[in-house]
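Dear colleague,

I am handing over the structure we spoke about, and my notes follow below it. Please read them alongside the coordinates and tell me where you would put things otherwise.

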Amino acid sequence: MNRLLISIPILLCVTFLVFILLNVVPGDPVALMMKEKVSADVVARVRAQMHLDDPWIIRYFRFLWGLLHGDLGTSYKLQRSVTDLILQAFPRTMVLAFSAALVSWIVGIPAGILSAIRQYSVTDYFFMGFSLAGVSMPVFWSALLFQYVFALKLGWLPVAGFYGWRYVIMPAIVLGWSSAGLIARLTRSSLLDVMRNDYIRTARSKGARELAVITGHALKNALLPVVTIMAIQVASLLSGAVITESVFGIPGVGRVAVDAIKSRDMPLLQGSVLFATILVILGNLVADILYSLLDPRIRLEK
Amino acid sequence: MEKEKLLAHETLFADIIRAFKENKTALFGLIVVVILVVLAIFAPYVTPYDPYEIDLNNRFSKPSLNHWFGTDMFGRDLFTRVIYGARISLAIGLIPSLIAVSIGAILGVVSGYIGGRLGYWVMRMADVVMAFPSLLLAIVVMYTLGATLFNLFIALSVVGWAGAARVVRSQALSIREKEFIEAAKAIGVKDIKIMARHVFPNCLPSLMVLFTMNIPDAILSEASLSFLGVGAQPPTPSWGLLVSNGKEFLFSAPWVAILPGVAIFITVLAFNFIGDGLRDAIDPYLKG
């Protein structure tokens with residue numbers, strides 16, 4: 001409950017920061033909107049219509065009031081509700097982020113476990129090298145590599161677009177790989193840490209087989225930090241989605257943000273950044289709650 | 001007091017040496033980075049071409065002995081552009097990381113040692129920055145300030161300080177309780193001097209690790225921002241921009257996009273090797 005209460009002021013500060021950053025931007029949004037030269041008179045009238053001449057503090061509260069009602073303003077370029085545009089794009093980002101997360105768990109957790117069990121073996125070096133590669137590759141580059149090899153050369157998968165499950169495979173693997181690296185590294189170090197505990201020695205000394213020791217005793221505790229990182233993954237997946245979506249032509253929230261930058265569509269950028277940040281805050285909240293639920297040793301302070 | 005300070009530095013230095021001695025991958029990373037730095041500094045002597053020189057008769061040459069990485073859509077030598085681009089990526093890796101870690105160090109030490117309301121608000125500020133997906137915050141900053149190389153330094157510093165501040169604060173909190181701090185207070189040393197002479201030097205090892213681990217993140221972020229068009233602008237040979245230029249010609253001239261990406265990959269990997277090695281040697285508790 002306490003965590004939930006802390007999230008509210010953070011959320012407020014986030015909205016304030018985004019508002020200030022995007023509303024002090026030099027250049028008249030009205031002049032940007034109008035393709036042709038218009039008279040100063042018209043510009044002034046449109047400015048007044050959009051309440052752009054009000055003091056920023058009033059505009060901020062108006063913006064906040066709208067936000068509370070789920071109204072993120074109107075896109076300059078598309079002249080449509082930002083909320084609608086984002087909600088329309090969001091399911092696609094969800095599909096991408098969730099499949100990428102799935103890839104990262106399916107690959108990362110077993111890789112981390114195997115590496116920890118066979119520490120300093122060839123297997124360990126292979127998986128850790130693979131993980132570090134995933135963390136070190138720029139997502140836009142691995143995306144292009146995959147497109148080149150699997151779409152253009154081999155023709156197994158479609159290059160870009162979003163018309164069915166086949167279109168999700170490449171983006172999910174590309175985006176999931178970098179997360180898989182993080183998860184594998186975390187699983188490994190966490191399992192190695194747990195294996196040093198007394199209760200593991202007890203389990204071994206009573207004659208339990210190594211496999212039973214690991215699956216029955218060690219894994220439960222070792223995977224705790226991994227579970228929380230899963231919720232925190234939201235942030236890195238959303239950052240990654242911005243790039244993956246623009247390379248693979250998926251019309252999700254990340255793509256909306258990139259298009260908004262290109263057309264200098266401030267309300268749309270503001271809306272998509274806020275939306276993503278709210279998701280991240282929610283993710284952190286879920287991580288905290290999960291952690292205290294799963295591990296009774298940890299009770300959140302107060 | 002002088003001796004204590006000296007000792008702290010000696011052990012840090014010794015730790016760094018040990019990291020590279022014991023850890024072969026870290027040493028490998030260091031060698032790669034040194035080669036890269038040398039190439040970047042002596043770029044005009046390494047390659048006979050000019051990174052901006054357009055040669056329309058020579059568009060999309062395949063990689064060859066004359067053009068190691070081939071040429072791009074304007075006939076510019078890609079290897080030359082990658083080498084000059086290394087200057088940007090190295091500067092982007094080092095400078096914002098240094099700024100971010102310095103800000104994080106100052107705020108972390110102050111908020112950890114003094115604590116109280118100030119410490120509380122510094123940490124809430126860090127919470128706010130860390131609530132953003134880092135790339136999106138950088139995008140917003142670049143959108144506001146304008147897409148220039150200099151603003152990239154600002155954007156990446158803004159994004160990077162919060163994590164460092166958190167780690168340093170938790171260390172300062174535990175150092176504050178140590179006896180030598182109590183002793184210094186007892187003989188009347190001023191708070192600011194205690195922070196500078198005692199708390200800060202004891203945080204140096206972790207700061208070193210934080211700094212090294214921030215470098216690959218900064219390089220990747222710059223590349224991503226430039227790829228998206230809100231970072232370095234053409235014709236700057238930024239690596240992200242080089243890949244972005246090449247993506248239109250992925251089928252007909254794949255090297256234009258792929259080879260600059262290899263440079264990013266190897267550089268980031270090398271810095272990650274160094275970071276991992278330093279962390280294991282200096283401060284295993286930062287792991288995970």
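Where in chain B is the place of P235(B)? In this model, which is a predicted one, P235(B) sits in the loop that runs between helix 9 (191–228) and helix 10 (239–246) of chain B. The peptide bond that joins P234(B) and P235(B) is cis, with omega at about 5°.

Chain A has a backbone feature of another kind, since Q79(A) is not a glycine and yet has a positive phi of about 55°. Q79(A) belongs to the loop between helix 4 and helix 5 (82–117) of chain A.

As for the fold of chain A, the count is 13 helices and 0 strands, and the pattern read along the sequence is accordingly α-α-α-α-α-α-α-α-α-α-α-α-α. Taken along the principal axes, the box filled by the C-alpha atoms of chain A is roughly 85 × 60 × 30 Å.

In chain B I looked at one helix packing in detail. Two packed helices are described by the angle between their axes and the distance between the axes. Helix 4 (residues 78–113) of chain B packs against helix 11 (residues 255–282) of chain B at an angle of about 35°, the axes being 11 Å apart, and the crossing of these two helices is right-handed. On the side of helix 4 of chain B the contact is made by L78(B), V82(B) and L90(B), which meet W255(B), V256(B), P260(B), A263(B) and F271(B) of helix 11 of chain B. Sorted by class, the residues of this contact between helix 4 and helix 11 of chain B are 8 nonpolar, with no polar and no charged ones.

Turning to aromatic contacts, the count over all chains comes to 19 aromatic pairs. One of them is formed by F16(A) and Y60(A), an edge-to-face pair with 5.1 Å from centre to centre and 85° between the planes. Because F16(A) lies in helix 1 of chain A and Y60(A) in helix 4 of chain A, this pair ties together parts that are 44 residues apart in sequence.

The second largest pocket holds about 570 Å³ of space. Its lining consists of 21 residues, and those that lie nearest the centre of the pocket are M50(A), L72(A), G73(A), T74(A) and P267(A). Helix 1 (2–23), helix 4 (56–68) and helix 13 (266–294) of chain A are the elements that give two or more residues to this lining, with the largest share, 5 residues, coming from helix 4 of chain A. By class, the lining of the second largest pocket divides into 10 nonpolar, 8 polar and 3 charged residues.

There are also enclosed spaces, for a search of the whole structure finds 3 cavities of 30 Å³ or more. The largest cavity has about 60 Å³ of space, and the residues that line it are T93(A), L238(A), A241(A), V242(A), V253(A), G254(A), A257(A), S272(A), A276(A) and, from chain B, L136(B). Helix 11 (224–248), helix 12 (253–262) and helix 13 of chain A supply at least two residues each to the lining of the largest cavity, and that lining comprises 7 nonpolar and 3 polar residues, with no charged ones.

With best regards

Terms used
Residues numbered from 1 in each chain as written. Chains lettered and ligands numbered in written order. Predicted model: local features only at pLDDT ≥ 70, side-chain atom pairs only at ≥ 80, totals over all residues. Heavy atoms only, no water. 1 Å grid on protein atoms, 1.4 Å probe; cavity = no way out; pocket = protein on both sides within 12 Å on 5 of 7 lines; lining within 4 Å. Points joined across faces, edges and corners; volume = space filled by probe spheres on them. Helix = DSSP H or I, 4+ residues; strand = E, 2+ residues; numbered from the N terminus. Nonpolar A, V, L, I, M, F, W, Y, C, P; charged D, E, K, R; others polar. Axes fitted to C-alpha atoms, helices over the stretch in contact; angles between N-to-C directions. Left-handed = near helix turned anticlockwise from the far one by under 90°. Contact = heavy atoms within 4.5 Å. Phe/Tyr/Trp six-rings, centres within 6.5 Å; stacked < 30°, edge-to-face > 60°.
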